[in-house]
Every structure is written in C-alpha cells, then in structure tokens.
Amino acid sequence: MLDIKNLRDNFDNIKEMLSWRGYSIDKDKFQSLDEKRKLLQVNVENLQADRKKLSSEYGKLKASGENVDKLKSIIDSTNNELDKKDKDLQELLQDINNFMLDIPNIPDRSVPNGKNENDNIVIKKYGSITSTNTLDHLEITKDIDTDMAAKIAGSRFSVLKGQLPKLQRALISFMIDNAIKNGYEEYYVPFMSNTDSLIGTGQLPKFEDDLFKTAENLYLIPTAEVPLTNIFRDDFVNEADLPIKVTSHTPCFRSEAGSYGKDTRGLIRQHQFEKIELVQITRPDNSMECLDNLLSNACEILDLLELPYQVIELCSGDLGFSSAKTYDIEVWMPSQNKYREISSCSNFTDFQARRANIKFKSKEGNHFVHTINGSGLAVGRCLIALIENNYDGAGVINIPNCLKSYIGTDTLKA
C-alpha cells in the first residue's frame, strides 16, 4: 500500500510513475473521497467536542440539583448525530482503504520503462549450454505420471515415481541447506493463511481468483512469502537484527486463472508445486543492496547445480503488483530451446510493510521496514532443468556434484 500522505502531496508525480506500469490512477475519485473525509472528520471532531462540553455541563447541573431534562435531550440528539456521522466516516475510510489497496507499488526510478516482457533487459548469462538433448522431461522419463495425478486430482498435477521423489527431496534439502549457509533462518510454516495475511503481502483483494479457498475461509498459500512475511505482521522488529533473513520449503497452490492452454505439459505450470522461499526484512536505506544479496543467493544454487541460466531485469510494465524492482532468473530448458523463469527476486520497498504494519524503531522514530523476497528455487522447474540438461541420451541422468551426497549415487536411470 502506498503512503496516503505522499499520494496527497505528490499525486501527479506518483501518477506519472504508475503510468510506467500501465496503471491509471483516478485523481478525481481520490480527491473527492479525500475531501469528503476531511468534512466528515471535522464534523465528527466538532460533535465529539460538543458532547464533551455538554457532558461537563450536565454533571455540574446534576450535582447542583437543577433540572437536566432539556440538556439530556440535547445530549441524546448530539450522540445520535455523532453515531451517524461516525458510521458514515468509517464507511468512507473503508472506501478510501479499498481504493488504496487497488493501487500497485511505485516502480523504482532505476527500473527500465517498458510495456511488457519484450522490453525486459538481459543483465547477464551464466554457464555454457552444452546439452544436445531435444527430448522434454516427459519423453525422457515415465516416472512423471500426469495421468495418475489426473485420476486423483485432475489436470495440472503430477505424481513422481521411481527415483524422482528422492531427487526432488535432494533438491529441497540442498536448497534449504544453502540458504541456511547464507544466513537464513529456516521456518516450518502453515500451508494455509487467513485473509489478513494475504492482504498484507498483496495477493488480496486484487488476485483472489488466483487462489484456492477452503470452506473455513482460509486460503492455500500461493508461496511461502505469505506466511514468512506475516510472521512479522503488526510487530516492531529490532533495528539491530536487520536485515532479518528467513526461509521455508512449502508446497505452493495456484489456480492459474487465465492461463488455460499455457504450459499444460508436464511440470512447468501446475496447481501444486514445491518451492523454497527466501525473505529479507530490511532497513529502507539498504534494501537494494539486500535485493542484490538475495539475487546472488538464488543464483548460487544454479551455479552449484551447473545449470546455464540468465538474469533478467523486468521493465516497469512487467512488474508484479507489489514490486518496485524485480530480477527474474531463467534456467535453460533444452527441449524448449529457451530460458524459462525459475525465480523472481523482488524489492517491495515499504509496500507490504504498510499493508502488514511491520515497523522498526530507531533514534529518529518509527519506520516501516522494506521487504525483499525471491524463490531459492522453484523445485519442479529445477527438476525439469536437471533432467533435460543432464540426460545422456542413453537412459541415464547424470547427477551434479553438489547433490551426490544427498542421493548417494552419480547417476539415475531415466
């Protein structure tokens, strides 16, 4: 959520920056709501002052034994008017809050201006593309069973069989261990969250269609970003502890609304997938440095797995709703002859912190933190990349050195 005072004071500048990402903010609506708020707030404050004054007079008259019936009637009328005006004010404040919740984050000035993914910038490519394999992961191994999953749950799910569950567990353990080595504290978190948590990180109310909702009004988490960030909701964190670095492995659940027909084959885009999330809670003055740190932590995993990848800086038109600056990491997929996203590392500045009310105290006063997060990494896509890049063409998948101690073998049968 944006700072409403900043929006009042710098509306035209903010409108310009939001236009970079294709968002048009309604100035007339905002100013109309804000003017009504001012008038109602003054009315409520005046009525509160009147009530206080009348109550004082009532007490004095009552103590002196004088008749207070007329004054009591005035007080009752004032209370009724105050109740009505205060109800109107609360409803208006909710309308303003809903207006603010719909506004995306302001792009950082360093973000390249562009309309869509075609305007994103390749920062750097890492590793050499050596695989000559043209088969995709479902053609290489029959141990990814989408038909069995469809019988159990429907489309966009998979069952891993044979040695693949062990390979997936190895990847998860390796990624978590690498995060801990880099200073992240591991958490085991709920796989469901409440409405307040999803509002805090920006998934609600705008993206409810992308979520799975339970009968108990809880939502299956789309990413561990939600529970990890909301650990600190409505809290003051210790300034001396910043940056706070936390991580978790969770399944992630996404309805993929609006994506039907896209990447339906195999593990690329599923309703349920595994992911390790990296989250940092930082001071505002070094959050971009922390973003660079988190990006390097995610890239390190691909370096150790010896997989070719590239880093992309997203343009303003391709930024996620809550992000002020984002780098995507894309791993090479031989069967598609292109790089595919495997991690998105973002600086949300104080956007999530304002929604979730996460602050720290300093000598200068109370401040909202900045939040940073990214995948470290998406396990399913990493599994695909390992299978396709390390397939020898003769029924064997070679295991990278960093995973051999987790699996206990140099190769797996496809």
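**Exercise 1. Strand 12 and its neighbours**

Which residues of strand 12 are buried on one side, and which on the other? Then place the strand among its partners.

*Solution.* The model is predicted.

Step 1. Sort the residues by face. Lys325, Tyr327, Ile329, Val331 and Met333 lie on one side of strand 12, and Thr326, Asp328, Glu330 and Trp332 on the other; all are buried. Both faces are therefore covered, since buried means under 20% relative accessible area.

Step 2. Check the tally. Nine of the nine residues of strand 12 are buried.

Step 3. Find the partners. Strand 11 pairs with strand 12 in the antiparallel sense, over five bridges. Here isoleucine 312 stands opposite aspartate 328. Strand 13 (residues 338-347) also pairs with strand 12 in the antiparallel sense, over nine bridges. Glutamate 330 has glutamate 341 in strand 13 as its bridge partner.

Step 4. Look at the turn. Strand 12 and strand 13 form a hairpin with four residues between them. Asparagine 337 sits in this loop. Its phi is positive, about 55°, although asparagine 337 is not a glycine. With a relative accessible area of 58%, asparagine 337 is exposed.

**Exercise 2. Classify two aromatic pairs**

Tyrosine 126 and tyrosine 309 form one aromatic pair; phenylalanine 321 and phenylalanine 351 form another. Assign each geometry and locate the partners.

*Solution.*

Step 1. Choose the descriptors. An aromatic pair is described by the distance of the ring centres and the angle of the planes.

Step 2. Start from the search. The whole structure yields eight aromatic pairs. For tyrosine 126 and tyrosine 309, the centres are 4.7 Å apart and the planes make an angle of 10°. Planes under 30 degrees apart count as stacked. The tyrosine pair is stacked.

Step 3. Locate the tyrosines. Tyrosine 126 is in strand 1 (residues 121-126) and tyrosine 309 in strand 11 (residues 309-313). They are 183 residues apart, so the pair links distant parts of the chain.

Step 4. Compare their surroundings. Tyrosine 126 is partly exposed, at 28% relative accessibility. Tyrosine 309 is buried, at 1%.

Step 5. Turn to the phenylalanines. Phenylalanine 321 and phenylalanine 351 have centres 5.7 Å apart and 80° between the planes. An angle over 60 degrees counts as edge-to-face, and this pair is edge-to-face.

Step 6. Locate them. Phenylalanine 321 lies in the loop between strand 11 and strand 12, and phenylalanine 351 in helix 11 (residues 351-356). The pair therefore ties together parts 30 residues apart in sequence. Both phenylalanines are buried.

**Exercise 3. Check the length of helix 3**

How far apart should the ends of helix 3 (residues 27-63) be at 1.5 Å a residue? Then describe its ends and its packing.

*Solution.*

Step 1. Set the rule. The expected span is 1.5 Å times one less than the number of residues.

Step 2. Apply it. Helix 3 has 37 residues, so it should span 54 Å. Its end C-alpha atoms are 54 Å apart, which agrees.

Step 3. Inspect the N-terminal end. Aspartate 26 caps it: a side-chain oxygen lies 3.2 Å from the backbone nitrogen of aspartate 28.

Step 4. Inspect the other end. Glycine 65, just after helix 3, takes a positive phi of about 80°.

Step 5. Map the packing. Buried residues of helix 3 include Phe30, Leu33, Asp34 and Arg37. The buried residues pack against helix 1 (4-9), helix 2 (11-19) and helix 4 (69-101). Phe30 also belongs to an aromatic cluster with Phe11 and Phe99.

**Exercise 4. Trace strand 14**

Which residues form the covered face of strand 14 (residues 358-362), and which the uncovered one? Follow the strand to its partners.

*Solution.*

Step 1. Split the faces. Ile358, Phe360 and Ser362 make the covered face; Lys359 and Lys361 make the uncovered one.

Step 2. Follow Lys361. Its charged end sits over the ring of phenylalanine 236, 4.9 Å from the ring centre.

Step 3. Assign the pairing. Strand 8 (residues 235-237) and strand 14 pair in the parallel sense over three bridges. Aspartate 235 stands opposite isoleucine 358. Strand 15 (residues 365-368) runs antiparallel to strand 14, joined by four bridges. A hairpin of two residues connects strand 14 and strand 15.

Step 4. Look before the strand. Asparagine 357 is in the loop between helix 11 and strand 14. Its phi is positive, near 60°. Asparagine 357 is partly exposed, at 30%.

Key
Residues are numbered from 1 along each chain as its sequence is written. This is a predicted model: local features need pLDDT of at least 70, side-chain atom pairs count only at pLDDT 80 or more; totals for chains, interfaces and linings use all residues. Side-chain values use heavy atoms; hydrogens and water are left out. Rings of Phe, Tyr and Trp (its six-membered ring) pair if their centres lie within 6.5 Å; planes under 30 degrees apart count as stacked, over 60 as edge-to-face and the rest as tilted. Buried means under 20% relative accessible area, exposed over 50%, partly exposed in between (1.4 Å probe, protein chains only). A charge sits over a ring if NZ of Lys or CZ of Arg is within 6 Å of the ring centre and within 35 degrees of the ring normal. Contact means heavy atoms within 4.5 Å. A polar contact is a pair of N or O atoms within 3.5 Å; within protein, one must be able to donate a hydrogen and the other to accept it, and residues adjacent in sequence count only if both atoms are side-chain atoms. Two strands pair if DSSP finds at least two bridges between them.
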